[in-house]
Amino acid sequence: MINKHPVGFYYIFLSIIIFGFSSCDRSDVDLVKNGKTKYVIVLPNKAHEYEEKAACELKKYLGDISNADFAIINEGQEPIQFGIWIGATSKVTGMTLTKEEILMKNDSGQLILSGGDPKSTLNCVYTFLENHLGCRFYSPEVEKVPKLQSISIDKYLNYKYQLPITTRTVHSRLFYENEDFADKRKVTHDAFPDYVPTARVHTFHHFVPKEKYYENHPEYYALRNGKRIPTQLCLTNKAVLQIVKDTVRVLLENNPTAKVISVSQDDNQQYCQCAACEEIHNKEESASGSMIYFVNEVAKEFPDIQISTLAYQYTRKAPKYIRPEDNVLITLCSIECDRSAPIEEKCDAFTQDLRAWGEKSDNVRIWDYTTQFTNFLAPFPNIMTLQPNIKLFRDNSARWIFEQHSNHPSELFELRSYLTANLLWNPEISVDSVMQDFLEGYYEEAGEYVGNYIRTVHQELQKDSTFFLFLYGDPSQAFDSFLNPDLLHQYDAWFDEAEKLVAEKPEVLDRVRAARLSIDYAILEASMRNIPSSFSLYITDDDGHKSIPEVLEHRLARFKAICEKLNITLMNEMGYKVDEYLEVYEKTINRAQQNNLAIGKSVKLLTSPKKYADENPRTLTDGALGGANFYANWLGFEGNDMEAIIDLETSTEISKISSAYLQVTNHIVFFPSSVFYYGSEDGTDFKLLGKVKNQSQLTAKSKVNDIQYFDLSFNPTSCRYIKVVADNLDVAPEWHHGAGMGSWIFADEIMVQ
């Protein structure tokens, strides 16, 4: 929707005297007066397509603002008395404009809008429309264009701006699927501009595929614990180097316009520890040593191409001695960092690595992260860290920044996409002003209440100095912090008020409900914990009958409806779909309403859990049900079986036992191979009641994110004690990226009936 009404609040981030919309004492350049213009838009004779687009866009928006009709002509076509000169015309001949620099200048009544290259000229026109004429481009569908009778430009206008960050990418489908919107926000159209399309990141397994080489040449791959496994390449093997060089050559021949190709590790930490590789690692005091040694050899073979590689996880620390070749692009990744505060405050190790790489190379690309990948729709209060982080990167000579957002819709998706793009263009903007402008322009009357939520959730996080805001976390981690029940009720009430204010504006109401998804999701997850005084999956009447609360039914229906309407399909980066989430949620509600003789009963563990759910055995009988993430109510066992005994307190006749297990394959969390159920009267002598096999055997094509209930029904049997044994696979299989590492079992509520 294009809303052609002026916004109530305009932010200004260029340090110049801006403009007068009507009469202005300090201005003598009237582009439009009373809806008429004497100006024409002038292009160079051999205009680039970006210059032509710049002229057309300027004509369109000047017309939308004032109804004036601006002709577009080529330079030299006719005498020009009053011109708006676009791009590389004679008006900029002799001026020194570097690439990625823009110029806005009043030259004796002639307006010059140009840049050091054609794309910069287009950037200049959009900047002029925003900061001089008050246009706003909030999303592909939502623009704000003022309506004015006259447009005047200050006679002293003479502004140059050299972009500090020359390649700006925000990983958002708003830009990838809408190139015109990407141009308006001045970011790239895709995640990897100028790369070979099939060799963008994590390329080792493509260059030396295990299906082709592993059986006959295991020595090509990483040595771990005395065995060669196909998780990474052996970077000191000369045959591997030649295979990679040959593959790179073919890919470049097939993609002659490409300027960059990635030669980079696969997405795991199982790097080679053979004697030759470890010698380099020890010498360089980092596993990046063998990587740079290897990539440098490839780079020497292709001096006119940028060879991109990762400084990521085990290669993040710069090597001590070796330096990257001039055509090696170091892509430094901040994946481990705590997002509750700026990186420089909470991630000192990364900051040191950033500076170390900057000392070794002038060719550093930053790969930063701005969302919670395990829960796209969860509240993730990191917005106030975006600016200091981007400033940190800029101040350490990073000119290419890739901000990995969710790509798919996530919490406050449009706001985050808009703000991040603005910060990449100018890291010095006022974040408060930009956000206020967006809230008023995009959410209109509801903006105040959406803003209340945003400010408060960030303020509450800042009060909790020990909270680690993790990219792979879960809202359940914050239920004692910025998502505690009282705050969730407050956030919910603000969105109620926001919806009321725009109830008669269906399109704006949808935007508000999209923003509300994060709070709806957090409350749905809180309900899984069964906090009777606040949120629960069921209510119990005086007769002991359980039913779903009406407010929960309404929330689920709203969540489903807005996701369907706005094509919001994914819950996380593992491909877990909204439909799957809702299906599992319905099953969980049904499960919660069943009578459970084990609820609240004591649990004795015969094997040791690790790290999650406070390692508390009562997690298995506490009535809080696990969701799609292992942080939420799951008890974890790494590399060992789960063996638990539940005391029902009295001998009881039972006929069914069920226990739930989680699978998140990329995190080495697998279903047990089998679950055994036993019964006993004395807690010592147990009789096997039955065995349930995994119905979804693990393969490379297994569902990444899943929950399975291991249900056993049997003839009525009396017992006091129930023993549950879940068999762990022990280690990840050979084909998995974590091959040889201990696998996890995550178990939750044990139901006895």
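# A guided look at pockets, a sheet and some buried residues

The residues that line the second largest pocket divide into eight nonpolar, eight polar and eleven charged. That pocket is a good place to start exploring this predicted model. From there we can visit a sheet of six strands, a helix that is mostly covered, and the eight cavities of 30 Å³ or more. Keep the 3D view open and find each residue as you read.

**The second largest pocket**

- The volume of this pocket is about 840 Å³.
- Its lining is made of 27 residues, and those closest to the centre are Lys99, Glu100, Thr166, Thr167 and Asp194.
- Which element gives the largest share of the lining? That share, four residues, comes from α2.
- Both α2 (118–131) and β13 (167–172) supply at least two residues of the lining.

**An open sheet of six strands**

- Strands of a sheet pair through backbone hydrogen bonds, and the pairing can be parallel or antiparallel.
- Here, six strands form an open sheet with mixed pairing, and their order is β5-β4-β6-β8-β7-β12.
- At the edges sit β5 (72–74) and β12 (158–162), each of which pairs on one side only.
- On average, neighbouring strands of this sheet are turned by 15 degrees against each other, with direction ignored.
- For a closer look, find β4 (residues 40–43) and β6 (residues 83–86), which pair in the parallel sense over three bridges.
- Val42 has Trp85 in β6 as its bridge partner.

**Arg173 and Asn407**

- Arg173 belongs to helix α3 (residues 173–176).
- Is Arg173 buried or exposed? Its relative accessible area is 15%, so Arg173 counts as buried, the cut-off being under 20%.
- Leaving aside neighbours within four places in sequence, Arg173 is in contact with Asn178, Asn407, His408, Pro409, Phe413, Leu566 and Asn567.
- Arg173 also shows how a chain can bring distant parts of its sequence together: Arg173 and Ser406 are 233 residues apart in sequence, yet 8.6 Å apart in space, C-alpha to C-alpha.
- Asn407, one of the contacts of Arg173, is found in strand β20.
- Asn407 counts as buried because its relative accessibility is 19%.

**Helix α12, mostly covered**

- How many of the ten residues of helix α12 (residues 386–395) are buried? Seven of the ten are, so the helix is mostly covered.
- The buried residues are Leu386, Gln387, Asn389, Ile390, Leu392, Phe393 and Arg394.
- An α-helix has 3.6 residues a turn, so residues three or four places apart point the same way.
- The buried residues of α12 pack against the helices α10 (343–346), α11 (348–360), α13 (413–425) and α14 (431–442), and against the strands β19 (364–369) and β20 (400–407).

**Positive phi values**

- Most residues other than glycine have a negative phi.
- Ser397, just after α12, takes a positive phi of about 70 degrees.
- Asn225 has a positive phi near 50 degrees, and its place is in the loop between β14 (221–224) and β15.
- Asn225 counts as exposed because its relative accessibility is 78%.
- Asn407 has a positive phi too, near 65 degrees.

**The two largest cavities**

- The largest cavity has a volume of about 90 Å³.
- Its lining consists of Asn530, Tyr538, Lys546, Arg591, Ala592, Gln594, Asn596, Ile599, Gly623, Leu625, Glu749 and Met751.
- Two elements, α19 (578–593) and β29 (744–752), give two or more residues to this lining.
- By type, the lining of the largest cavity divides into five nonpolar, four polar and three charged residues.
- The second largest cavity holds about 70 Å³ of space.
- Among the 13 residues that line the second largest cavity, the closest to its centre are Leu235, Tyr271, Cys272, Ser290 and Tyr314.
- Two or more residues of that lining come from each of β15 (227–233), α8 (275–284) and α9 (288–301).
- How many residues in the lining of the second largest cavity are charged? There are no charged residues, alongside nine nonpolar and four polar.

Technical notes. Residues numbered from 1 in each chain as written. Predicted model: local features only at pLDDT ≥ 70, side-chain atom pairs only at ≥ 80, totals over all residues. Heavy atoms only, no water. Pairing = 2+ DSSP bridges. Axes fitted to C-alpha atoms, helices over the stretch in contact; angles between N-to-C directions. 1 Å grid on protein atoms, 1.4 Å probe; cavity = no way out; pocket = protein on both sides within 12 Å on 5 of 7 lines; lining within 4 Å. Points joined across faces, edges and corners; volume = space filled by probe spheres on them. Nonpolar A, V, L, I, M, F, W, Y, C, P; charged D, E, K, R; others polar. Buried < 20%, exposed > 50% of the residue type's maximum accessible area, 1.4 Å probe, protein only. Contact = heavy atoms within 4.5 Å.
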